[in-house]
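Let us walk through this model step by step. Keep the sequence and the coordinates side by side as you read.

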Amino acid sequence: MTAVLLSLGSNIEPERHLRAALAALRERFGALRVSPTYRTASVGFEGDDFLNLGVGLDTDLEPEALNAWLHALEDAQGRRRDGPRFSSRTLDIDIVLFGDRVVNGPGHLQIPRDELRHAFVLKPLADIAPEAVVPGDGRTLAQLWSVHPDHDRAFEACVLEPTATGASASESPSGS
């Protein structure tokens, strides 16, 4: 099994799509480590605010197979791929870290993700996996977050309402 960190985001009916994604991830992979959910401005285009969170899970899939499974989950939530790459979306899930592997593959598969430079990806992942080391960089997520320009900025944490099973989809902010 390999420890994986994912970044999830949505700005179209985000609560509904993120809850559905978390339920599907739990059903397929079991226990998840879920960060607080943060409201952030869209990056790279004009659009509604996103809700973003990080998820840690363990998988026996290879990166390409996991990426394909995640794309199918995005598609099941109405993700459109025929518009601009940077646009509003029902669900966006990226594999940010996959154990200690570095991967560049089809379907925009890039591990570790360049998006780690963005607070909306780095902060949630540093909340749940501060000691995770970024391959090729050697620093932990906590170290990267401690020197990030937005480190001292206040982030608006949101709580996703409990899912139909009663399990909370997001924990309270960890204060990191």
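Start in the loop between β1 and α1 (14–29), which is where E13 sits. This is a predicted model. E13 is not a glycine, yet its phi is positive, at about 45°. How accessible is E13? Its relative accessible area is 46%, so E13 counts as partly exposed.

A second backbone feature comes later in the chain. The peptide bond between I111 and P112 is cis. Its omega is about -5°. P112 belongs to the loop between β7 and α3. Keep that loop in mind, as a salt bridge leads back to it.

Now turn to the strands. Take β3, residues 37–40. Which strands does β3 pair with? One partner is β8, residues 156–158. The two run antiparallel and are joined by 3 bridges. Another partner is β4, residues 50–59. That pairing is also antiparallel, again over 3 bridges. Y38 shows both contacts at the level of one residue. Its bridge partner in β8 is A157. Its bridge partner in β4 is N52. In general, side chains along a regular strand alternate between the two faces of the sheet.

Next comes helix α3, residues 119–128. Why is α3 described as largely enclosed by the rest of the structure? The reason is a count: 9 of its 10 residues are buried. The cut-off for buried is under 20% relative accessible area. The buried residues are A119, V121, L122, K123, P124, L125, A126, D127 and I128. Note that K123 and D127 are on that list. What do these buried residues pack against? The strands are β1 (2–10), β2 (33–34), β3, β4 and β5 (92–98). Helix α4 (141–146) is in the set too. So β3, which pairs with β8 and β4, is also among the elements packed against the buried residues of α3, a helix that is largely enclosed because 9 of its 10 residues are buried.

Charges come next. Oppositely charged side chains can pair when their charged atoms come close. The whole structure holds 10 salt bridges. Consider three of them, beginning with D94 and R113. Their closest N and O atoms are 3.6 Å apart. D94 is in strand β5, and R113 is in the loop between β7 (109–111) and α3, so this pair ties together parts that are 19 residues apart in sequence. That is the loop that also holds P112. Are D94 and R113 buried or exposed? D94 has a relative accessible area of 16%, so it is buried. R113 is buried as well, at 8%.

D92 and R89 form another salt bridge, at 3.8 Å from N to O. Both ends fall under the cut-off of 20%. D92 has 18% relative accessibility, so it counts as buried. R89 has 10%, so it is buried too.

The third pair has another setting. The side chains of D150 and R153 meet at 4.0 Å, N to O. D150 is partly exposed, with a relative accessible area of 26%. R153 is partly exposed as well, at 43%. Beyond single pairs, salt bridges with shared partners link D94, R113 and E115 into one network.

How values were computed
Residues are numbered from 1 along each chain as its sequence is written. This is a predicted model: local features need pLDDT of at least 70, side-chain atom pairs count only at pLDDT 80 or more; totals for chains, interfaces and linings use all residues. Side-chain values use heavy atoms; hydrogens and water are left out. Two strands pair if DSSP finds at least two bridges between them. Helices (H or I, at least four residues) and strands (E, at least two) are DSSP runs, numbered from the N terminus. Buried means under 20% relative accessible area, exposed over 50%, partly exposed in between (1.4 Å probe, protein chains only). Contact means heavy atoms within 4.5 Å.
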